[in-house]
Amino acid sequence: MALGSDSGRGMWSNRWVFVLAAAGSAVGLGNIWKFPYIAGENGGGAFVLIYLVCVGLVGIPIMISEVMLGRTARSSPIHAMRKLTDLAGASRKWVFIGWMGVVAGFMILSYYAVIAGWALNYILLTAQGTFTEISADGAALTYNEFLASPLQLIFWHTLFMVLTIWIVGRGVSQGLEFAIRWFMPLLFILLLVLLGYSFTSAGFAQGLEFMFDTRFEAVSGETWLVAMGQAFFTLSLGMGAMMAYGSYVPENVSIGKTVMIIALLDTFVAVAAGMVIFPIVFANGLEAGQGPGLMFVTIPLAFGQLPMGEIFGTIFFVLVSFAAFTSAISLTEPALSYLVEEYNAKRKRVAISLGVMCWILGLGTVFSFNIWSTGYIIGQMTVFDFVDYVSQNIMLPLGGMLIAVFSVWVLPQTTVGEQLGIRGGFLGVLWKLLGGLVAPVCVLVIFVYTVMPLFTNAG
Ligand code: TRP
């Protein structure tokens, strides 16, 4: 049973567009920039295994819940939660999930656009040959000088934001679907080209070993925290992005199967990104454990030493930028669709207003790397650290947990059964066990572990 009418809201043309859209949201800086270096730092193959457990036991059930809630209500997350609480006869307090998601999306986009702007700049720098045969110090200097210049950061941040707003302002079919249909296939092609390139590089075996050698001695409780946080962020869970995308899913699409394909694609891209990055890094005898600087210092440096590195390095940053665009557009959708529905406003106008506000908040991140780099908000956190921490480590897990609990324990299970095609039996038990118990409890445990130190170490 669908609760809303879909007139004028737009709808994905078919199942595959939804798969690409959701995969486009999922595949982003989280996969290409973050996954490879945290896997490397946390035990290689051992981390990959733990991460897969998190995706399977927690990520997939929560994503199924989100998409299902969206499709049942066919509205923006806030309106969806209103309709669904009425349907369930439950307290309107659950609508909090929708509001928190809007705020979280706004916060994430504010810094996401800044970092994505760096990738745009690096397309230009690499194409110009800035990194050709550059020294390690030279690459670090380029990066540090760039970060030290607020004006340059603002320029690229603005460009990224304007393009994102332009795409989302055009609507679901002409904006989102159009961008996704072009960017996602291109992204996969570029990734395969780069895989081929790294396969032929001298560091391929060593790179594989670094990623897949299961170093269980490097695993600790902390590893589980990191893996769970990564699973949430990379699958775009906990803030209603998947709910908003789910609201455009045609009735005849199987949510369970589709979500599994999306999770697989996302994991494939993360692993493939590692297989592109590490061989190239090792082929140059460089250090892989560079943390966040891996993408903007080590990688340009590595490409700069390789034959045709300008071309392939440029391709790499184009890939990163595409991935970032298709993620950024999903971050705006919960807020945008809410405002359009609530005030019957023009999508374009709402998109521009949201973009301007988000851009202003993003200045906080821009300045965190230069003039405000010691302007701590709490403890040693800059504006960027704070916005990142609160959205990613507090709001997303909290949202995800509430979404799963709501779907299993509050929503009438006849509705869920119809949406997911579950008629009791094994799948019914699995749904209750994973969605209703395992996922929320895991998130709760992790949540307590991440948030507690904040209070005990405060000051
Ligand atoms: N998943 C994206 C990435 O890996 C980021 C992202 C897009 C996101 N939409 C989201 C993260 C919603 C959390 C919630 O880069």
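Accessible areas were obtained by the Shrake-Rupley method with a 1.4 Å probe. On this basis, the chain of the predicted model exposes about 17,800 Å², of which 68% is supplied by carbon and sulfur atoms. Of its 459 residues, 60% count as buried.

The secondary structure consists of 18 helices and 0 strands. Along the principal axes, the C-alpha atoms fill a box of roughly 65 × 50 × 50 Å. The radius of gyration is 21 Å, which agrees with the value near 23 Å that a compact globule of 459 residues would have. Among contacts with a separation of 6 or more, 83% link residues 24 or more positions apart in the chain.

The largest nonpolar core comprises 166 residues. Within this core, the residues with the most contacts are Trp-12, Phe-35, Leu-69, Met-81, Trp-118, Met-295 and Phe-316. Helix H5, spanning residues 96-127, gives the most to the core, with 19 residues. When neighbours within four places in sequence are left aside, the contacts of Phe-316 are Ile-32, Leu-194, Ile-277, Met-295, Ile-299 and Phe-303. Met-295 thus appears both among the residues with the most contacts inside the core and among the contacts of Phe-316.

With respect to charge, the chain carries 19 positive and 22 negative charges. The mean positions of these two sets lie 19 Å apart.

Key:
Residues numbered from 1 in each chain as written. Predicted model: local features only at pLDDT ≥ 70, side-chain atom pairs only at ≥ 80, totals over all residues. Heavy atoms only, no water. Helix = DSSP H or I, 4+ residues; strand = E, 2+ residues; numbered from the N terminus. Rg over C-alpha atoms; globule rule 2.2 N^0.38 Å. Buried < 20%, exposed > 50% of the residue type's maximum accessible area, 1.4 Å probe, protein only. Contact = heavy atoms within 4.5 Å. Lys, Arg positive; Asp, Glu negative; His and termini not counted. Charge placed at Lys NZ, Arg CZ, Asp CG, Glu CD. Core = buried A, V, L, I, M, F, W, Y, C linked by side-chain atoms within 4.5 Å.
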